[in-house]
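The following exercises are to be worked through with the sequence and the coordinates at hand. Each task is followed by a stepwise solution.

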Amino acid sequence: MVYESRYVTCQVIFMIQFQPSSSYRGDLGKEPTIVVHDCHGEGLFSNKNLIRLLNSVSPEKIKTKIPSQKWQEVFNTRKISPPELVELFDSDDNDCWIVLHEIENTPMLRRLFLEMAAALTSSLPPTYGQVKLCTGSLFISRGAATTPFHMDYGSNLLLQLRGNKRFLAFSPNDPELVSKQSLREFFGGDANPPSLKYDPAFDTKALILNLEPGLGLYMPSTSPHCTETRDHDLSVTISLSFVCPLADRIRRSALFDRKLPRLRFLPDGLKYGVATCYEMLRQTRGDYHPRHESFKPLVS
Ligand SMILES: O=C(O)CCC(=O)C(=O)O
Ligand SMILES: [Fe+2]
């Protein structure tokens, strides 16, 4: 079964197709899924264009970290000053790991993000694919660089634009991988939940991809994942992260469990309703500040 989205713009045609494995019989959108695309364009992500992009993004939104970490390690990023960034980017012999956040509205990438959002909305059922609030990132790495095992609040459409990357994505619906405890910790405020730990024995359950230009991946909210690059050439991956209605349901019921652990036995629908009222009440009193402020409506 192939789900295709094809959009004709002024001169550009982008193709982004979801390719669920033939053995998968559940709802499309519920599990990590392979995607094929043709968004990598000849020379679009050349060093020259990447430098233009790095210069056009606010330094506040550019982060780096120790390039190579173990997948079990906690992953902490730090801001990098523009001169340090230029030095890191230019020295071909150095391993590097750089991420640019909130770049969905930069002129060079806006059209691509719009196409990615449209592909999600038209290919997935609304509970998984409705893109209302979203944010975009670009991951640039070189040499030995890894992203440790973690999960994110947003669901994610991720496309490889240049170079290679080994990507392991795990089901968010397997309680051995993502326990209720991990969800409570995560939505209660631990970006790195102590109970979510990578174990190499999990690999047999992973969707393992050797990403190259033309390949990509969709992951629903809270799918654990980790990555690794080894090549000397730059690896460039674009990611559109978005809050689908289901993610908000999972977040609110996990938050309820965290605040009122004795009432965990209540049905999820009720927990969701109570948590929604609680957040609305706090909003009207002006003391509610969502932790995920980078998610915004996409400007068309
Ligand atoms: O590409 C990577 O190394 C990490 C991607 C990732 O963690 C994400 O898009 O959420
Ligand atoms: Fe991630």
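**Exercise 1.** Determine whether strand 6 is largely enclosed or not, and identify its pairing partners.

*Solution.* Step 1: five of the six residues of strand 6 (residues 96-101) are buried, so this strand is largely enclosed by the rest of the structure. Buried means under 20% relative accessible area, exposed over 50%, and partly exposed in between (1.4 Å probe, protein chains only). Strands (E, at least two residues) and helices (H or I, at least four) are DSSP runs numbered from the N terminus.

Step 2: strand 4 (residues 62-64) pairs with strand 6 in the antiparallel sense over three bridges, and Thr64 has Ile98 as its bridge partner. Pairing requires that DSSP find at least two bridges between two strands.

Step 3: strand 7 (residues 133-142) is also antiparallel to strand 6, over six bridges; here His101 is bridged to Ser137.

The model is predicted: local features need pLDDT of at least 70, side-chain atom pairs count only at pLDDT 80 or more, and totals for chains, interfaces and linings use all residues. Residues are numbered from 1 along each chain as its sequence is written, chains are lettered from A and ligands numbered from 1 in the order in which they are written, and side-chain values use heavy atoms, with hydrogens and water left out.

**Exercise 2.** Describe the surroundings of Val236.

*Solution.* Step 1: Val236 lies in strand 14 (residues 235-243) and is buried, with a relative accessible area of 0%.

Step 2: among the residues that Val236 touches (heavy atoms within 4.5 Å), not counting residues up to four places away in sequence, are Phe45, Leu138 and Gln160.

Step 3: Gln160 is 76 residues from Val236 in sequence, yet their C-alpha atoms are 6.2 Å apart.
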